[in-house]
Amino acid sequence: MHLLSVSVSKPKTLMTPEGPMRTGIYKAPVTGRVRVLKRHLEGDGQADLRVHGGVEMAVYAYPAEHYPQWRRELGREDLPYGWFGENLTVQGMLEEEIRIGDAFRVGSALLQVSQPRLPCHKLAFKMGLPDFPRRFMASGRSGFYLRVLEEGDVGAGDAIERLERDPVPLSVRELVELIASDEDRIPELLERAGRVASLAPGWRRKIQERLARRRARPGPPGTPP
């Protein structure tokens, strides 16, 4: 596993058909070492801290392997690293292989996977495709957010070493599929997600609410209480 690119940007205000929009999604690769702080990378920023940034979404990583797929599907070659708003463009870290709670040494920083990324209208605006958030989610190519366990610095070319795993196995891809599906269709996955202590608190609340609703429903005749 390797870090191929580090991208940052400060929020900027853009004009849209609906009016001004402030966004930090226009990340661009930088050279040299970049300091990783508890809530963001040095030189980086987010416009809406309700849905980006903060302790549980301090760093966004996206697999480089997805770029050729998107270029083919969209018929676009103008998709440089950082295009999807990621801070770290990584290699060898696909969503089906990376688990919630995985902790990685990247440069001198220690980062832990906290949740998948859910796309918003700002990604649709950047892509020029109103339906792109739906396509992004349906693809399973979500990338993932990381919390910062130890501050440090990172740079393109760094090796990435996995140091820890949550005792309950739950991949990023499985969690995306769960959120996008009817919980009754995959009850085992819902129950497993409810046991992942390293999942970001907001996501844990959503999972616990779904579990509570499911457990409150009466089962079919003959089902043990």
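These legends describe close-up views of salt bridges in a predicted model.

**View 1. Arg134 and Asp131 form a salt bridge.** Their closest N and O atoms are 3.2 Å apart. Arg134 is exposed, with 53% relative accessibility. Asp131 is partly exposed, at 34%. This pair belongs to a wider set: a search of the whole structure finds 16 salt bridges.

**View 2. Glu188 pairs with Arg192 within helix α5.** The N to O distance of this salt bridge is 2.9 Å. Helix α5 covers residues 187–193. The two partners sit four residues apart in this helix, about one turn. Glu188 is partly exposed, with a relative accessible area of 49%. Arg192 has 12% relative accessibility and is therefore buried, a class that ends at 20%.

**View 3. A salt bridge links Arg214 in helix α6 to Glu191 in helix α5.** The side chains meet at 3.4 Å, N to O. Arg214 belongs to helix α6, residues 201–216, and Glu191 to helix α5, so the pair ties together parts that are 23 residues apart in sequence. Arg214 is partly exposed, with a relative accessible area of 27%. Glu191 is also partly exposed, at 24% relative accessibility.

**View 4. Arg33, Asp153 and Asp158 make up one salt-bridge network.** Shared partners join these three residues. Side chains of opposite charge can pair when their charged atoms come close.

How values were computed:
Residues are numbered from 1 along each chain as its sequence is written. This is a predicted model: local features need pLDDT of at least 70, side-chain atom pairs count only at pLDDT 80 or more; totals for chains, interfaces and linings use all residues. Side-chain values use heavy atoms; hydrogens and water are left out. A salt bridge is a side-chain nitrogen of Lys or Arg within 4 Å of a carboxyl oxygen of Asp or Glu. Buried means under 20% relative accessible area, exposed over 50%, partly exposed in between (1.4 Å probe, protein chains only). Helices (H or I, at least four residues) and strands (E, at least two) are DSSP runs, numbered from the N terminus.
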